[in-house]
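Here are a few exercises to work through with the model open. Try each one yourself before reading the solution.

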Amino acid sequence: MDILTLMAAFLILIGGIAALISKSAFNKLILLGVLTAGAVMLFVKDGYLDAAIAVSLLMPVGTLFILFLMGKKKEAAND
């Protein structure tokens, strides 16, 4: 195993475990981004550049959508 695989596995494990433990929804989003970074590293290492590009483009859009929904949820709770 090379160092890139070990780093990617470390990011995936840390991001996944910390997201499970975390209570804050915003922290979970950040930690899922860390998990995704590790997954993209593995995709690139294995040569799946099309999948890496797709994940790299869709993850920020999904994050913005989730943040928008969380903002709506807080507005509804305040009304």
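Keep in mind that this is a predicted model.

**Exercise 1.** Place Thr36 in its helix, decide whether Thr36 is buried or exposed, and find its contacts beyond the local sequence.

*Solution.* Start with the secondary structure: Thr36 sits in helix H2. Next, check the accessibility. Thr36 has a relative accessible area of 14%, and the cut-off for buried is under 20%, so Thr36 counts as buried. Finally, skip the neighbours within four places in sequence and look at what remains: Thr36 is in contact with Val55 and Met59.

**Exercise 2.** Check the length of H1, then work out how its buried residues are arranged around the axis.

*Solution.* First the length. H1 covers residues 3-21. With 19 residues at 1.5 Å a residue, the expected span is 27 Å, and the end C-alpha atoms are indeed 27 Å apart, so the two agree.

Now list the buried residues of H1: Thr5, Ala8, Gly15, Gly16 and Ala19. Looking down the axis, these fall within an arc of 110 degrees, so they line one face of the helix. A bit of helix geometry helps here: an α-helix has 3.6 residues a turn, so residues three or four places apart point the same way.

Then turn to the other side of H1, where Ile3, Phe10, Leu13 and Ile21 are exposed. As for what covers the buried residues, helix H2 (25-46) is included in that cover.

**Exercise 3.** Which residues form the nonpolar surface patch, and how does Leu4 fit in?

*Solution.* The patch is made of Met1, Ile3, Leu4, Leu6 and Met7, and together they have about 550 Å² of accessible area. Take Leu4, which lies in H1. Its relative accessibility is 32%, so Leu4 counts as partly exposed. That still makes the patch, because the cut-off for membership is over 30%.

**Exercise 4.** How many salt bridges does the structure hold, and which side chains take part?

*Solution.* The count is one. The partners are Lys45 and Asp46, with 3.7 Å from N to O, inside the cut-off of 4 Å. Check their surroundings too: Lys45 is partly exposed at 35% relative accessibility, and Asp46 is partly exposed at 49%.

**Exercise 5.** Describe the setting of Ala51 and give its C-alpha separation from Ile66.

*Solution.* Ala51 belongs to helix H3, residues 49-78. With a relative accessible area of 27%, Ala51 is partly exposed. Going 15 residues along the chain brings you to Ile66, and the two C-alpha atoms are separated by 22 Å.

Note on methods: Residues are numbered from 1 along each chain as its sequence is written. This is a predicted model: local features need pLDDT of at least 70, side-chain atom pairs count only at pLDDT 80 or more; totals for chains, interfaces and linings use all residues. Side-chain values use heavy atoms; hydrogens and water are left out. Patches are made of residues with over 30% relative accessible area and no salt bridge: like charges are joined within 9 Å, nonpolar side chains (Val, Leu, Ile, Met, Phe, Trp, Tyr) within 5 Å. Accessible areas come from the Shrake-Rupley method with a 1.4 Å probe; for residues, only the protein chains shown count as cover. Helices (H or I, at least four residues) and strands (E, at least two) are DSSP runs, numbered from the N terminus. Buried means under 20% relative accessible area, exposed over 50%, partly exposed in between (1.4 Å probe, protein chains only). The expected span of a helix is 1.5 Å times one less than its number of residues. The arc is that of the directions from the helix axis to the C-beta atoms. Contact means heavy atoms within 4.5 Å.
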